[in-house]
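Reader: Hello! I am new to this structure and would like a close look at a single part of it.

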Amino acid sequence: ERVGFAVIGLGRIALEQVLPALAQCRLARPVALVSGSAEKAALVARQYGIRPDAVHGYEAFERLRDDQAVQAVYIALPNAMHREFTERAAAIGKHVLTEKPMATSAEDCAAMIAACARANLRLMVAYRCQYEQANRAAIRAAQTGALGRLRFLHAANLQSNGPGPQWRYSRRLAGGGALPDIGLYCLNAARTLSGEEPVEVSAQAYSPPGDERYREVEESMSFTLRFPSGFLAQAQSSYGAYQEKSFRLSGERGSLLLEDAFAYRGQRLRLFRRDGEQGTEEAPQLRPRNQFALEIDHMARCVREGRRPHTPGEEGLRDQVIMDAIQRAAERGRPEPIPPVPAGIEPR
Ligand code: NAD
């Protein structure tokens with residue numbers, strides 16, 4: 001029997017990626033929906049073979065408690081709402097897979113971890129790239145010494161946003177602009193590729209003057225993380241530049257390029273090394289798989305086996321603490337130390 005998920009929030013990521021992936025998962029299946037629009041939810045339920053009585057509004061979320069088919073929730077709501085629905089899920093005994101960024105403050109992340117730990121429930125943050133094949137091959141190459149000592153990462157997550165208001169431009173709902181939304185992928189890649197935690201950051205933010213969208217949140221964030229070994233990770237994230245989602249990792253004996261590293265599909269990995277006098281180039285061929293399905297199946301396995309997810313809440317908290325330091329470095333215009341992850345933060 002596959003693990004039953006309730007999808008919370010029927011926006012773009014839920015409709016275009018999560019639900020289609022859930023339908024093709026080997027260990028998980030969609031069994032309930034929670035949405036602000038009954039009409040939309042009914043339509044989606046029909047499409048995925050979900051019972052009409054397993055469709056609820058946000059206020060009726062707690063009705064999932066008595067639905068034995070629902071073992072876990074997939075939270076696909078604006079960032080600032082992840083905490084509330086994680087706590088509500090924990091209170092009714094459901095495991096939580098939440099979208100990234102985990103929340104909008106370290107305090108919220110810590111409260112989410114505490115709520116799930118108290119209830120002995122799994123909590124996972126949807127860091128899909130850590131489940132994607134080419135990213136995993138890159139991490140393996142970096143970690144097994146194939147590139148020698150790691151020196152530099154150059155990562156970009158750039159896109160050109162259209163006009164129009166949305167929650168992403170609200171500081172309260174999003175927690176920030178390009179950094180928490182897409183720069184987070186560069187940050188998380190720097191940590192997973194190096195296997196180290198950064199100690200210092202310098203950063204610059206930019207928002208085009210007069211652009212209504214960027215009155216509260218940054219349009220662009222560029223940052224450099226310094227790691228204990230001397231490894232430096234440079235990253236650019238922006239809502240205002242032509243699309244690019246790639247990284248280049250350079251070691252002393254080799255490098256790798258992962259094109260479309262952070263995209264939903266189409267990753268292209270190349271490895272460059274020296275063989276005697278000659279440079280060699282290798283392009284490992286990986287069978288394309290749906291990374292959202294891999295991610296959700298991982299959570300389903302953790303639920304079944306009572307195991308801690310590969311990307312647990314602590315991973316989201318760690319990134320939040322670093323993002324807070326990045327924002328401070330940009331505001332103050334000087335390098336900032338990265339503080340240790342706060343222990344035992346009291347929930348609000
Ligand atoms: P979206 O705006 O398309 O969807 C958000 C959903 O939340 C909508 O259905 C909306 O009706 C609902 N909602 C409920 N209360 C709301 C409120 N007060 N204000 C605004 N919307 C409200 O957003 P999205 O792109 O689907 O993003 C949802 C989450 O998924 C975010 O945390 C985002 O960071 C994450 N996300 C992850 C990926 C990924 O690749 N893993 C990609 C995109 C988005």
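How many residues surround the ligand, and which are the closest?

Author: Happy to help! This is a predicted model, in which local features need pLDDT of at least 70, side-chain atom pairs count only at pLDDT 80 or more, and totals for chains, interfaces and linings use all residues. Residues are numbered from 1 along each chain as its sequence is written.

The ligand is surrounded by 18 residues, and the closest are Gly9, Gly11, Arg12, Ile13 and Glu99. A residue counts as near a molecule if its C-beta atom, placed from the backbone, lies within 6 Å of it.

Now for where this shell comes from. Helix H1 (residues 12-23) gives the largest share, three residues. Helices here are DSSP runs of H or I with at least four residues, strands are runs of E with at least two, and both are numbered from the N terminus. Domain 1 (3-128 + 292-312) and domain 2 (133-285) each supply at least three residues of the shell; these bounds come from an automatic or database domain assignment.

By class, the shell has nine nonpolar, four polar and five charged residues. Nonpolar covers Ala, Val, Leu, Ile, Met, Phe, Trp, Tyr, Cys and Pro, charged covers Asp, Glu, Lys and Arg, and the others, Gly among them, are polar.

A database record adds some context. An unreviewed UniProt entry places "domain: Gfo/Idh/MocA-like oxidoreductase N-terminal" at residues 4-127; UniProt positions follow the numbering used here, feature names are shortened, and annotations may be inferred rather than shown by experiment. Residues 4-127 are 37% helix and 20% strand, and their end C-alpha atoms lie 20 Å apart.
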